[in-house]
Amino acid sequence: MHVETLGNGHPEYTVVACVHGDETCGWHAFNRLKASDVTPQAPVKFVLANERAFKLGYRFCDADLNRAMPGDETSEKHEVRLAARLHRELVGTTVIDFHSTESRGCPYAIVTGEDAASRRLARSTGLDRVVDMSHLGGGVTEHVTGVAVECGYHDDEDAASVAHRILLHFLAAQGLIDRPYARSTPEVYEVFDDAPGRGFAFVAQNFRRVEEGEVFARKEGTVRRAPAPFFPVLMSTHGYDDRIGFMARRAGRIDGE
Ligand SMILES: [Zn+2]
C-alpha cells in the first residue's frame, strides 16, 4: 500500500485507487492532479491500495480486497492483511474509491452500508446514476462515509480521463478546490439479487429495464429470462466467473442536502 498526502495536516478525505490492482484509472487521475496547478485547500490523502497487485497487473493476489474488509492482520492472505491496514487509513475520513469495470454503462457511483451520508455524498460525484449495493454487503466504503465510482471500461484509456474529471468535481463539490461544479440528483438502482451463471453472454443493456420473460443472457442454446422486470447493473459477458451480474430495482432520486 502506498499512502501520500497533498497538503499539510490531518486529512479528512481519502481518495482510493487500485483496490483492484488492474483498475488503474484512479491512480492516473491522482497523478494528473498532482502534476497540475490545482492545489486542495485542505489536506487530502491518496491511497494506492493494492500496490502489489497493481505492480503485477493483477486484480488481486490471494483474495478480492473489496470483499476482505475489515481484514485480519494475522491472515496468510495478502489482501486480508492489507484490508486491515486499509481500514485503518480510511476510518474517520470521507472516502471516494475509484474503479473501472468489464461491464458497460459507466460512469456511475456505488454506495454500500445503507447510510444516508454516503448517499448524499454520491451527489458530489456529479454522476446521474447510483447503484446501491447494500443488499450484498462488503466493499471498502461499507464502514465509512464513502462512495465508489466505476469510471469506464477496463481497456478504455478514457476511464482515466473520466476518473480525473470525477475527482475534480468531487473535490470542488466538497469545498476542497475552487472550481465550478453542479451536484447531481442521481437515480438510485438498488441491487436486490445477483444473476448467477457461468459462461453466459449478456445480451441486454445495463440500466435499461428488462421485462418479464425477456432474454437477458445466452449460452449454447440455453437462455436466461427475467422472472420479473428488473434493471441489469454490472452485468457483462466476462466480468465474473460465476455470475452474469446483478439485478436492481429503481428506487427514486437522491436530492436535497
Ligand atoms: Zn473494481
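This briefing walks through a zinc site, a pocket, a helix and some unusual backbone spots. The model is a predicted one, so treat what follows as a reading of computed coordinates. The zinc ion is held by H20, E23 and H99, and H20 also turns up among the residues closest to the centre of the largest pocket. Helix α5 is mostly covered, and the backbone has cis peptide bonds from M69 to P70 and from C106 to P107.

**Zinc site**

- Start with who does the holding: the zinc ion is coordinated by ND1 of H20, ND1 of H99 and, listed twice, OE of E23, at 2.0 to 2.6 Å.
- Why does the arrangement around the zinc ion count as irregular? The four donor atoms subtend angles of 54 to 144°, whereas a tetrahedral label would need all angles to lie between 85 and 135 degrees.
- For reference, the ideal angle for four tetrahedral donors at a metal is 109.5 degrees.
- Along the sequence, the donor residues follow the spacing H-x2-E-x75-H.
- The pair E23 and H99 ties together distant parts of the chain, with their positions 76 residues apart: E23 sits in the loop between β2 (13-17) and α1 (25-35), while H99 belongs to strand β4 (residues 94-101).
- Buried or exposed, what are E23 and H99? Both E23 and H99 are buried.

**The largest pocket**

- The largest pocket comes in at about 720 Å³.
- Its lining has 35 residues, and the closest to the pocket centre are H20, R59, D64, G239 and Y240.
- H20 is the one to keep an eye on here, as H20 is among those closest to the centre and also gives its ND1 to the zinc ion.
- Which strands supply at least two residues each to the lining? β4, β7 (146-153) and β13 (243-253) do.
- β4 gives the most, with four lining residues; β4 is also the strand that carries the zinc donor H99.
- By residue type, the lining splits into 15 polar, eleven charged and nine nonpolar residues.

**Helix α5**

- α5 covers residues 158-173, which is 16 residues, and reaches 22 Å from its first C-alpha to its last, close to the 22 Å expected at 1.5 Å a residue.
- The helix is mostly covered, with 13 of its 16 residues buried.
- H169 lies in α5 and counts as buried because its relative accessibility is 16%, under the 20% cut-off.
- From H169 to D22 is a fair walk: 147 residues in sequence and 24 Å in space, C-alpha to C-alpha.
- L171 is in α5 too, and L171 counts as buried at 0% relative accessibility.
- L171 and S124 are 47 residues apart along the chain, yet their C-alpha atoms are separated by 8.1 Å.
- After α5 comes G175, with a positive phi near 80°.

**Backbone oddities**

- A quick reminder before the list: most residues other than glycine have a negative phi, and most peptide bonds are trans.
- The M69 to P70 peptide bond is cis, with omega near 0°, and P70 falls in the loop between α2 (51-56) and α3 (78-90).
- The C106 to P107 bond is cis as well, with omega near -5°; P107 is in the loop between β4 and β5 (108-111).
- C18 is not a glycine, but its phi is positive at about 60°.
- You'll find C18 in the loop between β2 and α1, the loop that also holds E23.
- With 0% relative accessibility, C18 counts as buried.
- F207 is another non-glycine with a positive phi, about 70° in this case, and its place is the loop between β9 (201-202) and β10 (215-219).
- F207 is buried, with a relative accessible area of 6%.

**One more loop residue**

- C61 is found in the loop between α2 and α3, where P70 also lies.
- Why does C61 count as partly exposed? Its relative accessibility is 27%, which falls between the 20% limit for buried and the 50% limit for exposed.
- C61 and R81 are 20 residues apart in sequence and 12 Å apart in space, C-alpha to C-alpha.

Terms used: Residues are numbered from 1 along each chain as its sequence is written. This is a predicted model: local features need pLDDT of at least 70, side-chain atom pairs count only at pLDDT 80 or more; totals for chains, interfaces and linings use all residues. Side-chain values use heavy atoms; hydrogens and water are left out. The expected span of a helix is 1.5 Å times one less than its number of residues. Buried means under 20% relative accessible area, exposed over 50%, partly exposed in between (1.4 Å probe, protein chains only). Donors are N, O and S atoms within 2.8 Å of the metal (3.2 Å for Na, K and Ca); water is not among the atoms, so sites may look incomplete. Four donors count as tetrahedral if all angles lie between 85 and 135 degrees; four count as square planar and six as octahedral if opposite donors are over 155 degrees apart and all others between 65 and 115; anything else is irregular. On a 1 Å grid over the protein atoms alone, a cavity is a set of points where a 1.4 Å probe fits but cannot get out, and a pocket is an open set with protein on both sides within 12 Å along at least five of seven lines; lining residues have an atom within 4 Å of a point. Grid points are joined across faces, edges and corners, and a volume is the space filled by probe spheres set on the points. Ala, Val, Leu, Ile, Met, Phe, Trp, Tyr, Cys and Pro count as nonpolar, Asp, Glu, Lys and Arg as charged, and the others, Gly among them, as polar.
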